[in-house]
Amino acid sequence: MLFKLKNKMKRLFCNLILIAILFLVVANVEAAEQKLHYHGFIAQGLIDVDGSNFVNDDGEISSELTELGINASYQVSSNFRLAGQVVYLNGGNRYAEGTRIDYALIDWLAYTDNNWRTNIYLGRFKNNHWLYSSSRDVPFARPSIILPQSIYFDGFRDIAVGADGAAIKISRSDDDYGNFDFNFSYGSNPISSKQADIILSKQSQGTVKQDFEAQASFYWQPLFSPWRFGVSYLDSDFTYRANKAQDLFFDGSFSFQTTSINTLYEGEQWEFSGEFHESRFTTKGFFTPTFLKNPISHRWYVQSRYKLNHELTLLMRYETFASDKNDKNGNKMEQETNGLVPAYFAYHDDTTIGLSYDLSSNFRVRFEYHWFQGTGRLTPVVLPNPTVNNRKNWQLWAVQLMYWF
């Protein structure tokens, strides 16, 4: 126990060193003729999970709730802008620890007039298709410490935040019908060995590659309305190349097609949001050369936030996920695996309560508690770990202090 405590204190000390370095970097950056704008954030917390390996395998309180980031933009001309963000993350088993570039792009304002605006993004662009896609990478901008895993699965975090390629956004402001946004993007993501372990498992010895990712979305906000409505579509393919010398698995491919709808209400005190996704996940090969499975999953959440006063905001959320809409309780999956994978790996339900308190204009503390049923949204994804995750019901609490500038 003493050894574990020393390791945690060492990890926390390293996090504080990184925070100090971040402050020194920012303190030496100066805006060049108001063309350079920079912002940053620091978030550190504690998280405790009882009954799963969501964060770690030993079930102890963890300080692996660290997020550091700097983003900047430079206005080259009236039509061209450069923008990027670098972050350091430590979330335990949720995603790979380390530094990554969330986005680094050229923003070209291709057309604008009184009603229309068209932006083209080249490079590593940012995902703007789902309700919280564009804000999930910034701790104080998202509604909770942990987003609904049914939709914003942390195991796919680095793949879902953005991609290398091109994107276009067309906006129209109409005096009669309100505001319209159309987004389209096409690209792919490099997948590191750490990410491959999270997606597949450490037992796989081959390499996984994202072949492409195409997404489109449409949003409408009626004139002077607090409501916003959206629809989106995603299509993405992955290829697995087995290590012939020592791999337990075979060459294979994975394919996703997702259709979603969402809505958001932002009132003076109340906020309501919800998303529904239907996805087809096709697996060819991998387990055996002739393996083929393509279940359709259902996943959704409803969420409410209430601003009690200027400082305190309360949150309630319920979410659910079924990996196969024709096998929601997982009995068929358990039979197909001869009991090796329990039925509760086929679904995921979560009831969440939380609060957020602003200590100042740029300091915030958040607390939340989760009651889970099922383990369908734990890593690794393709090859579940029932040895560690041997409980259908489990809980989680987390507290995080965040600062931004």
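Reader: In the second largest cavity, how do the lining residues divide into nonpolar, polar and charged?

Author: This is a predicted model, and here's how its second largest cavity comes out: nine nonpolar residues, no polar and no charged. You can go and find them: Phe156, Ile199, Leu200, Val208, Phe238, Phe254, Phe256, Phe281 and Val382 make up that lining. The space inside is about 80 Å³.

Reader: OK, and what volume does the largest cavity have?

Author: About 110 Å³. Now look at who lines the largest cavity: five residues are nonpolar, none is polar and six are charged. Among the lining residues are Glu67, Arg94, Arg136, Arg142, Asp154 and Arg157, along with Leu89, Tyr95, Ile145, Ile146 and Leu147.

Reader: How many cavities of 30 Å³ or more are there?

Author: Six, by the rule used here.

Reader: Let's move to cores. How do I read one, and which residues have the most contacts inside the largest nonpolar core?

Author: Think of a nonpolar core as buried nonpolar residues joined through their side chains, with atoms within 4.5 Å. The largest one here has 27 residues, and Tyr152, Leu200 and Tyr240 have the most contacts inside it. Leu200 should ring a bell, as Leu200 also lines the second largest cavity.

Reader: Which elements give two or more residues to that core?

Author: One helix and three strands: α3 (193-199), then β8 (207-221), β9 (227-241) and β10 (252-266).

Reader: And what does the second core include?

Author: That one is separate and has 12 residues, including Leu65, Trp394, Leu396 and Ala398.

Definitions and conventions: Residues numbered from 1 in each chain as written. Predicted model: local features only at pLDDT ≥ 70, side-chain atom pairs only at ≥ 80, totals over all residues. Heavy atoms only, no water. Buried < 20%, exposed > 50% of the residue type's maximum accessible area, 1.4 Å probe, protein only. Helix = DSSP H or I, 4+ residues; strand = E, 2+ residues; numbered from the N terminus. 1 Å grid on protein atoms, 1.4 Å probe; cavity = no way out; pocket = protein on both sides within 12 Å on 5 of 7 lines; lining within 4 Å. Points joined across faces, edges and corners; volume = space filled by probe spheres on them. Nonpolar A, V, L, I, M, F, W, Y, C, P; charged D, E, K, R; others polar.
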